[in-house]
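Load the model in your viewer and keep a selection tool ready. The tour makes two stops.

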Amino acid sequence: MRIVTWGFGAMGRGIAKNIIESKFMKLVGVIDKNPEFIGKDVGELLGLGNYGVRVRDSIDVIEETNPDLVVIATSSFVKDVLPQIEYAVKNHANVITIAEEMAFPFDSHPEESLYMDSLAKRYGVTILGTGVNPGFVLDTLIIALTGVCTRVGRIVAKRINDLSPFGKTVMETQGVGTTPQQFEEGLKKGTIVGHIGFPQSIAMIARALGWNITKIEEERKPIVSNVHRETPVVKVEPGMVAGCNHSAKAYVGDKCVIELYHPQQIHPHLEGVETGDYIEIYGDININLSIKPEIPGGKATIAIATNMIPIVISAQPGLKCMADLPVPRSILSFTR
Ligand code: NAD
């Protein structure tokens, strides 16, 4: 399988490394606009020695290398990745993207979804949005757990995670390092957004269960630190914001059927907060899943984007979500 990665940031680099190290995939091209990477050998940048593929800031890479699939890890938003997806598809390449809004764009971006679906079908390829969340913990995993229930009445899930490994962009969109007043102003201006993906996760669960969601309420609150916290990219003094406590509730009529909680902060352990992923399903049977500590976000996103490659290549053409495709599984450990 010939693969191009578009975006050589924290996630793209990990995916590229997985592809190089796999026995059945070949990394044939890497696109990134960061001058730090352009012209350099991908293997050298990954500390693997010379690999013979250089990072280029040119979309021509796709036409020249004719890949089976392009992994896009450049942005969170449909508006940014749509032109990239379009270019890859028009060159007959399947696409996996980790853009959060692409995990389930059908409700949030109906026109763009229709266009991507018809384009993919015309070119005989598949487009998938995935990632740890959205893409797995607060949607795919929940849907899979409902498979052992006859009836489901209500779902409550929490992902309590540590933001410390992430870069500057994530700190800014989560409001880490601001004062509570700056946090409120950022929310109003739209520069602080918290988690990107609640509407997508909710819509994916609702479609799987045939629920007609009538209202979604989201709430973003600052997590104000009582202690000094610090990462390589941000410093938080007592009284400042260490993260965003973002939650969403989805209703069918007056009944709240889905509650998702995603408090994200740097160094939660400094105030005794343990990370974890928790899913409660209430119905004919009650399920209570607890994963402690959290599934690590960066590593898991890199893994699931890699693991979905063969599944996407062999899927029916069109725009798909995780719930449309076979159960994800680890592929790099295949021995036969
Ligand atoms: P990053 O900022 O480290 O890397 C992004 C890379 O893309 C950078 O190297 C940048 O130069 C490159 N880039 C951006 N636009 C480009 C363009 N038009 N052409 C060429 N290169 C371009 O970010 P990351 O941590 O690797 O994450 C990538 C995206 O995936 C982010 O938007 C992030 O929010 C999202 N993400 C989603 C999930 C999920 O669970 N769905 C998980 C992790 C990250």
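**Stop one: the ligand**

In this predicted model, select the ligand and Asn133: a polar backbone atom of Asn133 lies 3.0 Å from an oxygen atom of the ligand. With the ligand still selected, look at how much of its surface is hidden: on its own the ligand has 850 Å² of accessible area, and the protein covers 77% of that.

Next, add Glu100. An N or O atom in the Glu100 side chain is 2.8 Å from an oxygen atom of the ligand. Then add Trp6, where a polar side-chain atom is 3.4 Å from a nitrogen atom of the ligand.

Now widen the selection to the residues around the ligand, 23 in number. Which of them come nearest? They are Met11, Asp32, Ser76, Glu100 and Asn133. Coloured by class, this shell shows 11 polar, 9 nonpolar and 3 charged residues.

**Stop two: Tyr278**

Clear the selection and pick strand 13, residues 276–283, which contains Tyr278. Is Tyr278 buried or exposed? Tyr278 counts as buried because its relative accessible area is 18%, under the 20% cut-off.

Show the contacts of Tyr278, leaving out neighbours within four places in sequence. The list has Val156, Ala157, Lys158 and Ile160, and also Leu289, Ser290 and Lys292.

Finally, draw a C-alpha to C-alpha distance from Tyr278 to Arg159: the viewer should give 6.4 Å, for a pair 119 residues apart in sequence.

Notes:
Residues numbered from 1 in each chain as written. Predicted model: local features only at pLDDT ≥ 70, side-chain atom pairs only at ≥ 80, totals over all residues. Heavy atoms only, no water. Helix = DSSP H or I, 4+ residues; strand = E, 2+ residues; numbered from the N terminus. Buried < 20%, exposed > 50% of the residue type's maximum accessible area, 1.4 Å probe, protein only. Contact = heavy atoms within 4.5 Å. Near = heavy atom within 4 Å. Polar contact = N/O pair within 3.5 Å; in protein donor to acceptor, adjacent residues only side chain to side chain. Areas by Shrake-Rupley, 256 points an atom, 1.4 Å probe, with all protein chains shown as cover. Nonpolar A, V, L, I, M, F, W, Y, C, P; charged D, E, K, R; others polar.
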